[in-house]
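Please open the model in a viewer and keep the selection tool at hand. The tour below proceeds stop by stop, naming what to select and what is found there.

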Amino acid sequence: MGDLVDAWETRSVTRAPDDVDAVVVGAGFAGLYAHHRLRALGLTVRGFEAAGGVGGTWWWNRYPGARCDVESMDYCYSFSPELEQEWTWSERYATQPEILGYLEHVADRFDLRRDIQFETRVTEAAWDEKAQRWYITTDHGDRVSAQFCIMATGCLSEAKQPEVDGIETFRGDVFHTGRWPHEGVELAGRRVGVIGTGSSGIQSIPIMAREVEHLTVFQRTPNFTMPAKNAPLEPEAVAARKTRAREHRDAMRSSRAGVVVPMPEHSALAVDDDARDAHYDRAWETGALYGMVAAFNDLLIDRDANDTAAEYVRARIRETVNDPAVAECLSPRNHPFGTKRPCLDTDYYATFNRDNVTLVDVRATPIVAITPAGVRTTDGEFELDTIVFATGFDAMTGPLLGPDITGAGSLKLRDKWAAGPRTYLGIAIAGFPNLFAVTGPGSPSVLVNMAVAIEHHVDWIVDCIATLRERGLASIDATVEAEDDWVDHVNAVANLTLFPHANSWYMGANVPGKPRVFMPYIGGFPRYDEICRDVAAHDYRGFTLTPATAQQPAPSSP
Ligand code: FAD
Ligand code: NAP
């Protein structure tokens, strides 16, 4: 038996850990697909999920107006042609309940719930070198040993608690968009304050404004947002997509962002002002996230080109918002267009023309404290009945650093990542054998359609596991050299762009004290896929493969 089991026994723990082939942490898009694929391989699998059901993001984020901003027909699995044919999305951008319904359908259709333990958080994972296995502990006292540990814990699942004094003194109700109560929240007749104007704030503000007595929006950084042009899907469009579903999926996987976008050929600076504005007008009307971002080929790499897009959006804000001072306050000026995730909205800017909406610039007049009566800024106190924190997430690293993960040689992930995350391909971490992160830092993840990235990564991980088992190997571990090279590559590509110029959650800038590192891989999905294929084709180049020894438990037979 391994060192850890010995340690448990010396602590008089009588219950031996359950032995399985693989543990999957999380039951969102990634965890569900991982269960499906691992089971098909014949592995025994245990799943743990902190939420009360499947769905991940779509289980937690139930705030008013929550929807996808990648089109529904693209933001779904492609692994099952039958599933693709039988499921019909109702809107261009599906609502949270519809996406959750889809993931519940997937769980039922493929019988994925039976191995998942809900309302159970993994608190520790430790690698036993002698046994070549992971020992996993939960907040319910479960102990499971597994050859493989798949962290399908998401990039945006660790809601960020706001760092404002006095929250506990507030007499009213406090909510976070990423932890919205399932029974809903009564907002009618209330004085509501929203802190945060990222995607969650921008989606929910127009809807809350229609319901509440008064809405006060506390904005630290205005964001760029474009009209979603959401609409019910026409049956003909759905049927047409289903008819050419396979070709469309291939086209998605061949595109930089995992969605089919016409590739721009021109620089924004190569055309005259009228032609440029006409082009932006068409892009604005597409209602697609990538319509504006990909309007010209240099918007994310050239500051002058970027300024033309930023100024176009600011002009649209001035056109929509009646009060010039409010329009100016809503106009982003602190970061280049597209370098914080841009948003899609329905009536966001027009909402600030309503009599019952007040915009407070908390960069000019910072929040000092939450008081029993409301929010106090340096300018005065705003009395409120309800506070909504739309303050985002400890993105990408937060969910992986939540559990105490200890790798080979007692190396703690928290220590290894003290100066910022380091991975190989965003999937593996040197010194943490047989631990796989789906969409970890260093993966294209949040910069692409995540449904595409997730399926890709899970496929790569499960194919890797299948290879290890076929060859009787006990473990696979990234080398430090390969990891260093990957981190250098991720940084080098990021530094070719304007992204590092923004204080974004991509950079860890939204969490005080978090190291500033550009976390996702911006080289595009096809290039990333090519690299991953190449690594696998060259006997998992950049990894060390360790054969099983006689002391280690034989893998369970399929
Ligand atoms: P998640 O869905 O985040 O699931 C991870 C799960 O792991 C969570 O349920 C969490 O409870 C669980 N977990 C974490 N740690 C532990 C632990 N220690 N123990 C047990 N369980 C744990 N992406 C797009 O591509 N397009 C979109 O339109 C889009 N819209 C979004 C809208 C919102 C409001 C948000 C917040 C994100 C959106 N995203 C979008 C990103 C979205 O997170 C991904 O698309 C996708 O849902 C992630 O799936 P996942 O399974 O990787 O992670
Ligand atoms: P976010 O983009 O990080 O936005 C958080 C907002 O809260 C920012 O405006 C931030 O200001 C503000 N904030 C944070 N702490 C604050 C404080 N102490 N005082 C004042 N303001 C504070 O988070 P999010 O809106 O939840 O979105 C996160 C990501 O989830 C998105 O980028 C997107 O990838 C995904 N998402 C997608 C959709 C969708 O449309 N499908 C919807 C929601 C979320 P600063 O900018 O100054 O930090």
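Which atom of ligand 1 lies 2.8 Å from a backbone N or O atom of Ala30? It is an oxygen atom of the ligand. Please bear in mind throughout that this is a predicted model.

**Stop 1: ligand 1**

Select ligand 1 together with the residues around it, of which there are 32. Glu49, Thr57, Asp69, Tyr75 and Met450 come nearest. Next, display the backbone of Val70, where a polar atom is 3.2 Å from an oxygen atom of ligand 1. The backbone of Met450 should be shown as well, since one of the nearest residues is Met450; a polar backbone atom there is 2.8 Å from an oxygen atom of ligand 1. With a surface displayed, consider how far the protein covers this molecule: alone, ligand 1 exposes 970 Å², and the protein buries 95% of that area.

Colouring by secondary structure shows where the shell comes from. Two or more residues each are given by α2 (29–40), α3 (57–60) and α16 (450–470). The greatest contribution is that of α3, with 3 residues. Colouring by residue class instead divides the shell around ligand 1 into 19 nonpolar, 10 polar and 3 charged residues.

**Stop 2: ligand 2**

Move the selection to ligand 2 and the 24 residues that surround it. The closest are Arg67, Ser200, Thr221, Lys340 and Arg341. Which side chain places an N or O atom 2.6 Å from an oxygen atom of ligand 2? That side chain belongs to Ser200. Turn then to Arg341, whose side chain has a polar atom 3.3 Å from an oxygen atom of ligand 2. Asp69 deserves a second visit here: it was listed among the residues nearest ligand 1, and a backbone N or O atom of Asp69 also lies 3.2 Å from a nitrogen atom of ligand 2. Of the 910 Å² that ligand 2 exposes when taken alone, the protein buries 89%.

Helix α6 (residues 199–211) makes the greatest contribution to the shell around ligand 2, namely 3 residues. By class, this shell consists of 7 nonpolar, 9 polar and 8 charged residues.

**Stop 3: strand β4 and its partners**

Select strand β4 (residues 122–128). Of its 7 residues, 5 are buried, so the strand is largely enclosed by the rest of the structure. Add strand β5 (residues 133–138), which pairs with β4 in the antiparallel sense over 6 bridges. To find one of these pairings, select Asp128 and its bridge partner in β5, Arg133. Between the two strands of this hairpin are 4 residues, and Gln132 has a positive phi near 55 degrees.

Now add strand β17 (residues 404–406), which runs parallel to β4 and is joined to it by 3 bridges. Selecting Ala125 and Ile405 displays a pair of residues that stand opposite each other, with Ile405 in β17.

**Stop 4: the five-stranded sheet**

Select the strands β7, β16, β8, β9 and β12, which form an open sheet in that order with parallel pairing. Why is one side of β7 (173–176) and of β12 (357–361) left without a neighbour in the sheet? Both strands stand at the edges and have a single partner strand each, so one side of each remains without a neighbour. Viewed across the sheet, the twist averages 20 degrees from one strand to the next.

For a detail at one edge, display β12 with strand β9 (residues 214–219); the two run parallel and are joined by 5 bridges. Within this pairing, Val217 has Leu359 in β12 as its bridge partner.

**Stop 5: two buried residues**

Select Thr308, located in helix α11 (residues 303–320). Its relative accessibility is 17%, and Thr308 therefore counts as buried. A distance line from Thr308 to Tyr280 gives 9.5 Å between C-alpha atoms, although 28 residues separate the two in sequence.

Finish at Ser443, in the loop between β18 (435–437) and α16. Is this residue buried or exposed? Ser443 is buried, with a relative accessible area of 0%. Its side chain makes a polar contact of 2.8 Å with the side chain of His457.

Notes:
Residues numbered from 1 in each chain as written. Chains lettered and ligands numbered in written order. Predicted model: local features only at pLDDT ≥ 70, side-chain atom pairs only at ≥ 80, totals over all residues. Heavy atoms only, no water. Near = heavy atom within 4 Å. Polar contact = N/O pair within 3.5 Å; in protein donor to acceptor, adjacent residues only side chain to side chain. Areas by Shrake-Rupley, 256 points an atom, 1.4 Å probe, with all protein chains shown as cover. Nonpolar A, V, L, I, M, F, W, Y, C, P; charged D, E, K, R; others polar. Buried < 20%, exposed > 50% of the residue type's maximum accessible area, 1.4 Å probe, protein only. Pairing = 2+ DSSP bridges. Axes fitted to C-alpha atoms, helices over the stretch in contact; angles between N-to-C directions.
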